Amino acid sequence: MTMQRSLKREFSLVRIVLLVLPMLLALIIPNAFFRDIVILLMLWSTAASAWNLLGGFAGQLSIGHTAFFGIGAYTSTLLYINFSVSPWIGMFAGALLAALIGVVLGSITFPLKGPFFSLSTLAFAEIVRIISISWSDLTKGSRGIVIKYTPGFDKFIFDSPVAYILIAWVFMIAVYCVAVYFNNSRLGFYLMAYRESEDAARALGINTVTVRLKAVAISAGLTAMLGTFYAQYILFIDPESVFIVDNSLQIVLLSLVGGIGTTIGPIIGGYIMVPLGQFLRSALGDAVPGFHLVIYGLCMLLIIMYLPGGLVSLLQRRSFGGSRLKRPGRRRDEHGAVGNS
Amino acid sequence: MVLLETRNIEKRFGGLLVLKNVSFEVKKGEILSLIGPNGAGKTSLFNILTGFLKPTSGDIFYKGRLWKDITPEKMCASGIARTFQVVKPLNGLTVLENITVGSLLKYKNLRQAMRKAHEVVEYLDLLEHKDKLASSLPIGLRKKLEIAKSIATEPELLLLDEPMGGLNSGEVEEMIKLIRQFRDNGLTIVLVEHVMKAVMNLSDRVLVLNQGVIIANGKPEEVSRDPAVIAAYLGE
């Protein structure tokens with residue numbers, strides 16, 4: 001298998017259609033509600049894909065990514081509100097800050113294994129959330145920050161939804177390209193080697209800490225950029241919307257449902273689960289309180305039970321995609337060892 | 001030329017002394033076998049030589065240089081590769097991808113690394129299995145894959161931890177042939193093994209460990225007649 005053949009697979013016709021479809025749908029659909037769903041779908045698919053760089057490729061199951069999302073949202077917003085710094089610049093400042101914090105967090109938490117690492121990331125996200133509520137002089141605490149609606153390209157505020165659609169789509173494609181790079185690069189191979197066996201990876205000369213720090217920096221930085229997009233799209237942020245643990249869980253679950261550790265899986269997870277969640281809330285939200293969440297959870301459970309490799313394994317069964325799509329579904333082989341399919 | 005030398009290596013796990021004053025040399029181009037009954041300290045010594053364990057005391061010299069703060073990745077980068085007694089394939093990757101992870105050490109470009117991995121696949125006769133997931137391989141092929149990954153790092157010194165374990169007689173023959181080929185191609189090999197047929201056939205020198213102490217060091221035929229070695233294996 002050469003690199004070109006692998007790249008061909010990553011940009012096959014089916015995948016190109018899948019990647020372009022939401023953008024076209026959002027542009028065509030006249031209904032604002034559906035358009036909003038498609039924009040959010042692209043946002044959360046991209047967030048899942050950014051998380052997957054660390055959680056999927058390296059197997060470091062962070063459930064604290066909402067902290068990076070919030071750091072991005074707050075950094076660009078505070079720079080814009082207080083110093084009139086364009087959110088475009090603020091977005092990169094937020095990404096840099098999140099990447100640095102990610103590296104510091106990783107340096108401390110990477111020695112922890114499995115659930116202990118996950119719990120430490122959850123604790124980190126909660127600490128950041130509590131700080132954002134308590135430090136009200138800077139963040140306005142629970143009252144949140146309203147971004148004044150003054151359209152302009154430099155202000156990252158647009159009167160037409162088309163701009164938001166295109167920006168969300170460009171983000172999604174960019175993060176997909178990063179995932180493709182991971183899947184076909186030395187860094188990606190090293191992360192996958194670490195995920196499969198730390199001892200084997202170290203014996204093959206891999207500095208497993210350095211490669212994971214690179215992954216967390218990239219993953220955190222990209223997630224923070226999405227935080228800026230969210231802030232500029234909604235024009236309001238508060239700790240309960242950008243630092244809440246639900247965001248982290250949503251990101252992880254979309255990846256699981258779509259296919260963890262694959263390039264396209266987390267995006268497909270978002271395509272299915274975000275509209276499903278919105279549809280169930282609008283259809284059943286008024287019936288019995290919380291009933292839509294029960295149905296949502298049930299759907300997720302069924303997908304994970306019957307497609308442990310994620311929805312992406314359906315593509316593989318239909319002989320689209322390629323060998324890499326087989327990878328992430330954990331299963332037991334004939335020797336009893338746990339592996340990926 | 002001495003490639004690797006240990007001086008007075010000692011290793012304690014709490015009150016348990018597993019290696020005591022272990023000093024030996026590995027000469028370039030030789031096959032040195034490390035044998036001993038279960039629990040003799042062979043794997044602990046392997047782990048110390050490759051940085052997975054830190055010795056309680058003692059020094060390791062590689063190419064005449066004292067090695068301090070050894071880590072597995074540093075050892076591999078400087079030319080010492082190892083396999084594991086309980087093999088550690090990268091289960092979610094294919095055979096070719098497993099080997100590519102090894103070749104990426106010397107070839108930073110993925111395409112070049114894959115080309116090198118392909119050469120290793122052909123050399124070890126794994127071509128028909130190259131696109132199979134490592135988790136789907138039977139034990140014989142897993143052992144081969146373990147060696148293939150190490151070889152792909154292009155080491156000078158290869159430490160093999162029980163490569164014959166679990167293999168049938170045909171596979172043992174094949175593995176013996178392979179290890180001899182490695183040596184003929186210039187590799188230096190340290191072999192931990194229980195299969196005496198392989199040890200006697202392959203080794204230039206045999207080192208016998210018993211309860212953490214070297215009790216014999218010499219040619220295979222000398223060691224096999226050594227009363228201390230016979231006593232260690234069969235009892236007094």
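Which residue in S4(B) is the bridge partner of B:Arg7? Colleagues, the answer is B:Asp59, and that pair offers a way into the structure shown above, which is a predicted model.

Let me begin with the strands of chain B. Strand S1 of chain B, residues 2-13, and strand S4 of chain B, residues 57-62, are antiparallel and are joined by five bridges. S1(B) also has strand S2 of chain B, residues 16-27, as an antiparallel partner, and there the number of bridges is eight. Within that second pairing, B:Arg12 is matched with B:Leu17 of S2(B). Two residues lie between the strands of this hairpin, and B:Gly14 adopts a positive phi near 60°.

On the pairing of S4(B) with strand S5 of chain B, I note three bridges, again in the antiparallel sense. Here B:Ile60 has B:Trp67 of S5(B) as its bridge partner.

Taken together, these strands form an open, antiparallel sheet of four strands in chain B, in the order S2-S1-S4-S5. Its edge strands are S2 and S5 (65-67) of chain B, each of which pairs on one side only. On average, neighbouring strands of the sheet are turned by 25° against each other, direction ignored. As general background, strands of a sheet pair through backbone hydrogen bonds, in either a parallel or an antiparallel manner.

A helix accompanies this arrangement. Helix H1 of chain B, residues 42-49, lies across S1, S2 and S4 of chain B, and runs at about 65° to S2(B).

I turn now to the interface. Chain A places 26 residues in contact with 28 residues of chain B. On the chain A side, helix H9 (186-196), helix H10 (198-203) and strand S4 (338-340) each supply at least two residues. The greatest contribution to that side comes from H9(A), with five residues. By character, the chain A side comprises eleven nonpolar, nine polar and six charged residues.

Finally, the interior. The largest nonpolar core contains 157 residues, and those touching the most other members are A:Ala168, A:Leu191, A:Ala193, A:Leu226 and B:Val208. Helix H11 of chain A, residues 208-234, gives the most to this core, namely 14 residues.

What does A:Leu191 contact, leaving aside its neighbours within four places in sequence? Its contacts are A:Phe57, A:Ala58, A:Phe182, A:Val211 and A:Ala215. In general terms, nonpolar side chains tend to be buried together in soluble globular proteins.

Note on methods
Residues are numbered from 1 along each chain as its sequence is written. Chains are lettered from A and ligands numbered from 1 in the order in which they are written. This is a predicted model: local features need pLDDT of at least 70, side-chain atom pairs count only at pLDDT 80 or more; totals for chains, interfaces and linings use all residues. Two strands pair if DSSP finds at least two bridges between them. Axes are lines fitted to C-alpha atoms, for helices over the stretch in contact, and angles run from 0 to 180 degrees between N-to-C directions. Two residues are in contact if their C-beta atoms, placed from the backbone, lie within 7 Å. Ala, Val, Leu, Ile, Met, Phe, Trp, Tyr, Cys and Pro count as nonpolar, Asp, Glu, Lys and Arg as charged, and the others, Gly among them, as polar. A nonpolar core is a set of buried Ala, Val, Leu, Ile, Met, Phe, Trp, Tyr and Cys residues joined through C-beta atoms within 7 Å. A residue is buried if 20 or more other C-beta atoms lie within 10 Å of its own, exposed if 12 or fewer, and partly exposed in between; C-beta atoms are placed from the backbone.
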